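Work through the exercises below with the model open. Try each task before reading its solution.

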4 protein chains.
Amino acid sequence: MTQQGTLGVAVIGTGRMGADHVRRLDRVISGARVAAVVDIDGDRAKRAAGGIDGCTAYTDAAAALSAPDVDAVLIASPAPAHEATLLEAFARDLPVLCEKPLTPDAASALRVVEAEARLGHRRVQVGFMRRYDPEYLRLKALLDGGGIGRPLMLHCRHRNAATPPGFTEQMMINDSVVHEIDATRWLLGQEIAAVTVLKPARSSAAPEGLGDPQLVLLETSGGALADVEIFVNCGFGYQVQCEAVGERGSARIGDAHGLLVNTAGRWGGEIPQDFVERFRTAYDEQVQRWVTATREGRTEGPTAWDGYAAAAACEAGTRAQASGARERVMLAERPRLYG
Amino acid sequence: MTQQGTLGVAVIGTGRMGADHVRRLDRVISGARVAAVVDIDGDRAKRAAGGIDGCTAYTDAAAALSAPDVDAVLIASPAPAHEATLLEAFARDLPVLCEKPLTPDAASALRVVEAEARLGHRRVQVGFMRRYDPEYLRLKALLDGGGIGRPLMLHCRHRNAATPPGFTEQMMINDSVVHEIDATRWLLGQEIAAVTVLKPARSSAAPEGLGDPQLVLLETSGGALADVEIFVNCGFGYQVQCEAVGERGSARIGDAHGLLVNTAGRWGGEIPQDFVERFRTAYDEQVQRWVTATREGRTEGPTAWDGYAAAAACEAGTRAQASGARERVMLAERPRLYG
Amino acid sequence: MTQQGTLGVAVIGTGRMGADHVRRLDRVISGARVAAVVDIDGDRAKRAAGGIDGCTAYTDAAAALSAPDVDAVLIASPAPAHEATLLEAFARDLPVLCEKPLTPDAASALRVVEAEARLGHRRVQVGFMRRYDPEYLRLKALLDGGGIGRPLMLHCRHRNAATPPGFTEQMMINDSVVHEIDATRWLLGQEIAAVTVLKPARSSAAPEGLGDPQLVLLETSGGALADVEIFVNCGFGYQVQCEAVGERGSARIGDAHGLLVNTAGRWGGEIPQDFVERFRTAYDEQVQRWVTATREGRTEGPTAWDGYAAAAACEAGTRAQASGARERVMLAERPRLYG
Amino acid sequence: MTQQGTLGVAVIGTGRMGADHVRRLDRVISGARVAAVVDIDGDRAKRAAGGIDGCTAYTDAAAALSAPDVDAVLIASPAPAHEATLLEAFARDLPVLCEKPLTPDAASALRVVEAEARLGHRRVQVGFMRRYDPEYLRLKALLDGGGIGRPLMLHCRHRNAATPPGFTEQMMINDSVVHEIDATRWLLGQEIAAVTVLKPARSSAAPEGLGDPQLVLLETSGGALADVEIFVNCGFGYQVQCEAVGERGSARIGDAHGLLVNTAGRWGGEIPQDFVERFRTAYDEQVQRWVTATREGRTEGPTAWDGYAAAAACEAGTRAQASGARERVMLAERPRLYG
């Protein structure tokens with residue numbers, strides 16, 4: 001693969017995230033084209049492929065991965081389908097960008113880790129897109145540069161305006177807090193060692209049966225402590241904030257208020273309603289960086305191990321939701337591939 | 001006591017806080033004068049009285065309280081001396097503004113509560129000055145007005161640049177977090193029901209033996225949850241922040257940045273180094289409100305019960321520091337005097 | 001006059017500002033009492049004096065100034081009445097706090113300056129209360145300390161929600177921009193040398209005949225330039241901002257946002273509707289400082305010369321409104337009394 | 001030209017801006033490739049073309065424009081060379097993205113306008129990249145949506161840390177304020193009618209002979225007024241701010257402070273030192289939008305007329321710098337092509 005060749009990507013899954021990645025690869029990203037789209041709903045696959053020159057619709061991922069013009073795979077199918085596609089990609093030694101979660105649980109994630117370790121080189125980048133957000137990147141650079149000394153605590157807020165039907169407490173951990181789990185691991189360069197969940201009085205705006213909000217406490221292998229407010233029916237918008245507290249200072253992101261308006265007795269501005277708006281740049285940058293690295297024959301970004309470690313911490317988190325107690329995270333030994 | 005008469009105040013204790021109250025009563029507050037100052041160090045008492053017309057220096061609080069020109073008492077002596085002076089004041093039915101803590105522990109605070117209850121009317125205002133801070137008052141008004149719905153969580157930060165020699169972990173609760181304990185009770189109108197303390201890795205900037213910072217979790221009788229970062233050697237200044245999270249919104253104080261400066265590649269401003277600067281208005285307002293109410297024959301503000309309940313929560317907090325477990329707060333029955 | 005004696009103050013004029021000063025002296029300020037109130041409306045004077053122990057109501061300022069318990073004078077009557085009261089006070093050598101403007105025009109203000117110069121010592125403090133606002137004081141300290149280098153420009157915003165009936169374009173200069181005129185002179189330590197006024201399209205929210213907003217350009221004797229947006233029907237509240245631009249940095253005040261609220265898709269907070277709320281501390285501090293200085297036998301703060309120089313700049317400003325051209329400010333020679 | 005074909009772009013000029021556009025087209029932009037680079041310095045052209053598959057280096061723009069794989073032209077050569085290349089492009093009916101200024105003066109810009117008008121359809125997009133900045137776009141949307149009522153004034157700040165050698169006062173208008181001139185025209189949908197320049201005392205940090213800072217006043221055809229602080233040796237960084245004042249509110253951009261850091265007695269963050277950092281997204285978006293529109297057969301964005309009108313306003317601005325007086329902007333009649 002040379003820098004000059006355009007990367008032919010197969011997009012697996014054409015739901016909300018998949019369709020957005022198709023659009024992104026087709027119209028935003030440099031150096032890539034959508035060579036194939038796969039959906040078990042053949043009509044939906046055809047609609048996604050329509051209007052894209054040289055794009056073929058498939059209902060079977062394996063068939064798409066075998067196509068000669070497919071150089072790489074972007075997995076955006078439902079989580080239970082990820083493992084099979086990942087193993088197919090390994091069999092063909094194809095580079096993969098896999099939407100988070102890597103797989104639905106730690107056991108299957110560990111199988112993927114072991115398979116990639118057997119392959120002997122990295123092929124998977126996991127879609128923890130916050131690592132490509134300009135604000136997170138500035139915070140990471142500050143921490144790595146020692147600007148506030150050794151980090152001791154993180155204070156995190158993760159708020160959604162409202163949940164869709166069927167949203168469960170487990171999803172608060174697996175779909176939402178998983179981002180803070182990965183961000184904590186990445187910002188601090190430490191594993192999550194234990195998780196505790198506290199549940200204050202339930203918001204009357206939360207659906208019946210959903211204990212919302214919650215406070216999730218993450219203890220790391222290096223002794224740092226992250227507290228995460230997860231509030232998925234906060235009512236006012238989508239908001240992600242993170243304050244790092246170090247030995248010599250603190251630093252906060254998530255208050256970027258680009259447009260300040262004074263009207264009718266109020267100063268302020270609008271809160272985005274959606275993660276798409278808040279993290280648009282991060283999603284674009286994540287895929288661009290993956291395409292560029294892939295064209296240059298490299299794999300970088302969040303690893304399969306990151307996907308596995310996040311899954312293990314999420315499992316401790318959902319246990320902690322149920323037990324009310326502090327739950328330890330048990331990790332397998334880290335293969336040498338992941339440094 | 002009529003509105004028109006100037007209130008003659010005896011100030012007990014002329015250390016840092018006491019001397020500042022003498023200055024405040026003499027030069028800032030309307031309607032009061034310093035009639036007496038008391039310090040067991042007679043020379044220090046004389047120095048404090050010097051230059052104030054009609055002010056007498058005493059070494060004995062009881063003698064000062066008996067003076068005919070003393071209408072009210074401001075207690076700023078070390079905590080162990082508070083109880084005796086409070087009981088003396090009750091014996092003479094004198095109004096008291098008592099610096100926090102009311103007394104050093106819950107048992108003695110309960111004795112004061114019971115003594116005042118026997119008196120049958122309130123005489124004590126406890127010096128939880130944050131209740132007079134303009135920002136806290138605006139937050140309280142917002143919560144009481146339902147502006148963000150029922151409050152569910154508080155996120156609190158309490159940071160000091162550095163500790164003086166001899167500062168202990170217990171003092172992190174009793175001298176520092178006690179303010180968040182009172183603020184939580186006051187903002188939410190609920191008692192503290194349980195306390196848990198988590199200790200991340202110790203800052204290398206903290207003195208030997210001091211586990212700094214800590215995260216203190218306060219659960220209230222109404223099911224709300226407050227997390228308090230206490231970091232008394234943060235290095236960069238004095239900073240108090242509070243974010244309330246309600247069913248329909250959130251609200252934050254502590255970021256008021258009056259002067260924004262751009263210089264040499266940086267935007268920003270100065271952080272106060274001291275609680276005196278941050279809460280100057282609150283201290284002035286607290287004493288002015290006490291003087292005005294006293295002249296009008298009323299007692300208002302934080303009660304002896306507030307002092308007792310804070311002491312009980314602090315005791316649970318120091319137990320939680322030692323045990324690492326969740327510690328329940330046990331409260332006596334609240335006398336009818338305190339509503 | 002010793003520090004210990006309580007200052008007996010005669011308040012001249014009991015309209016909105018006068019009544020507020022009566023309340024302030026009676027209930028907020030240390031070391032002063034309202035000994036007399038004066039209003040040509042005798043009933044209003046009596047109402048203002050009611051409930052204040054030892055306060056006498058007068059309809060004649062001269063009579064009040066002759067009362068033996070009057071030690072000092074606070075003038076809050078309509079501007080045309082100021083000159084006579086000031087001269088009466090000079091005749092009795094009484095200290096005066098005179099609400100701005102000193103007098104209605106530069107000629108009469110110069111007569112006051114000359115009369116005080118003949119007296120040979122300062123007796124007048126003029127009520128430019130912004131000099132006592134904590135934010136302006138911090139900006140002044142920054143400039144004086146060289147924190148942003150030599151100041152070259154000021155960008156000022158002065159906005160009122162709406163004008164009362166009868167508000168004229170001249171009042172935009174004389175009642176509103178006069179504060180920026182004084183602030184510019186004080187912050188920079190320079191006189192205003194010329195004024196130009198530009199009028200953009202009139203807001204349809206402004207009353208018929210009022211050219212609102214306007215941009216007022218002040219050139220100083222030292223070559224600095226201040227631009228002032230004056231918008232007295234901005235609709236959304238009361239807002240005063242000032243950015244100083246120096247050779248090495250810039251600094252801005254007026255954005256202090258103490259309480260940040262997230263609700264219903266919006267972040268932000270409330271804008272005060274009134275100068276009383278925005279400058280409450282400044283008014284209190286102004287009067288307290290005047291009382292304290294007066295009790296110590298000193299006169300400080302804005303001088304009669306400051307009142308005159310502001311009046312001269314205002315006259316140039318109203319000429320500039322009419323002419324559309326740059327109008328020079330002509331100042332008399334400054335008496336040695338004013339340094 | 002179909003959506004599917006990759007756009008072959010000839011980049012004219014490989015200086016700082018040109019080289020950055022080559023990188024952008026090669027690595028950031030979707031749907032385009034660099035087919036040709038042109039520089040009169042043949043070695044520099046070859047270096048720019050190196051490593052890009054299928055990219056040919058030229059020293060002659062006309063030759064490049066004749067190449068069969070060149071579908072569109074991006075002009076980033078020195079301004080005096082623009083007109084000839086634009087006319088060449090018109091002769092071949094090639095779409096052009098032309099870096100600002102369109103040409104060095106209004107007369108030559110008008111010739112380009114007339115040539116495009118004769119062509120009968122738009123072929124030129126001018127590189128006023130602020131129109132693609134997310135903050136400016138939000139401000140524009142707010143104004144267009146009537147969120148603050150009819151706009152009456154703009155307050156603009158445009159600051160550079162320091163000027164390179166040879167920077168002249170005319171360049172303060174032609175290279176810097178030209179952005180505010182275009183932004184004012186675009187935000188308000190009005191022409192600039194007159195320009196006045198005021199010069200405060202010169203900063204001692206400015207190079208000998210450069211009157212820096214200056215205040216530029218722009219009056220529009222609709223009666224709005226924009227004041228622009230231009231300060232090209234402000235010392236502290238690159239800063240662009242704009243506040244729009246409307247009949248019912250105001251709105252400000254340029255304060256987006258993504259990362260807030262507390263350290264060593266200071267809160268705040270870093271100021272970018274360079275327009276590349278501040279407007280990176282705008283540059284990317286500008287070129288992506290041009291590529292996408294061109295592939296779809298459309299021309300959009302800032303027009304040749306916008307380039308001409310800005311040039312005419314700049315000429316009035318430099319006249320105003322010299323005369324100290326208000327200078328009117330004289331515009332030719334607008335061809336029907338530009339609506």
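## Exercise 1: the contact of chain C and chain B

Task: determine how many residue pairs are in polar contact across the interface of chain C and chain B.

Solution. Apply the rule for a polar contact: a pair of N or O atoms within 3.5 Å; within protein, one must be able to donate a hydrogen and the other to accept it, and residues adjacent in sequence count only if both atoms are side-chain atoms. Across this interface the rule finds eight residue pairs, both residues at pLDDT 80 or more. Next, locate the elements on the side of chain C that touches chain B. α1 (16–27), α6 (134–144), β12 (249–253), β13 (259–263) and α9 (280–295) of chain C each supply at least two residues. Helices (H or I, at least four residues) and strands (E, at least two) are DSSP runs, numbered from the N terminus.

Ground rules: this is a predicted model, where local features need pLDDT of at least 70, side-chain atom pairs count only at pLDDT 80 or more, and totals for chains, interfaces and linings use all residues. Residues are numbered from 1 along each chain as its sequence is written, chains are lettered from A and ligands numbered from 1 in the order in which they are written, and side-chain values use heavy atoms, with hydrogens and water left out.

Now count salt bridges (a side-chain nitrogen of Lys or Arg within 4 Å of a carboxyl oxygen of Asp or Glu). There are two between chain C and chain B. In a salt bridge, B:R27 meets C:E296 at 2.9 Å, N to O.

Then size the contact (heavy atoms within 4.5 Å). Chain C gives 37 residues and chain B gives 37 residues. Buried area is the accessible area (1.4 Å probe) that two parts lose on being put together, summed over both. Here the two chains bury about 2700 Å², 44% of it on carbon and sulfur atoms. C:R27, C:R138 and C:L259 supply 22% of the area that chain C buries against chain B, more than any other three residues.

## Exercise 2: the contact of chain B and chain A

Task: find how many salt bridges link chain B and chain A, and which strand gives the most to the side of chain B that touches chain A.

Solution. The rule finds six salt bridges. B:R157 and A:E243 form a salt bridge at 3.8 Å, N to O. Polar contacts come to twelve residue pairs, both residues at pLDDT 80 or more. On chain B, β7 (151–159), β9 (214–220), β10 (225–231), β11 (239–246) and β12 (249–253) give two or more residues to the side touching chain A. β7(B) gives the most, with five residues.

The contact takes 38 residues from each of chain B and chain A. About 2700 Å² is buried between them, 57% of it on carbon and sulfur atoms.

## Exercise 3: helix α9 of chain A

Task: check the span of helix α9 (residues 280–295) of chain A, then decide whether A:W290 is buried or exposed.

Solution. The expected span is 1.5 Å times one less than the number of residues. For 16 residues that should be 22 Å; the end C-alpha atoms are 23 Å apart, which agrees. Buried means under 20% relative accessible area, exposed over 50%, partly exposed in between (1.4 Å probe, protein chains only). A:W290 is buried, as are A:Y283 and A:R295 among others. Twelve of the 16 residues are buried, so α9(A) is largely enclosed by the rest of the structure. Just after α9(A), A:G297 takes a positive phi of about 80°.
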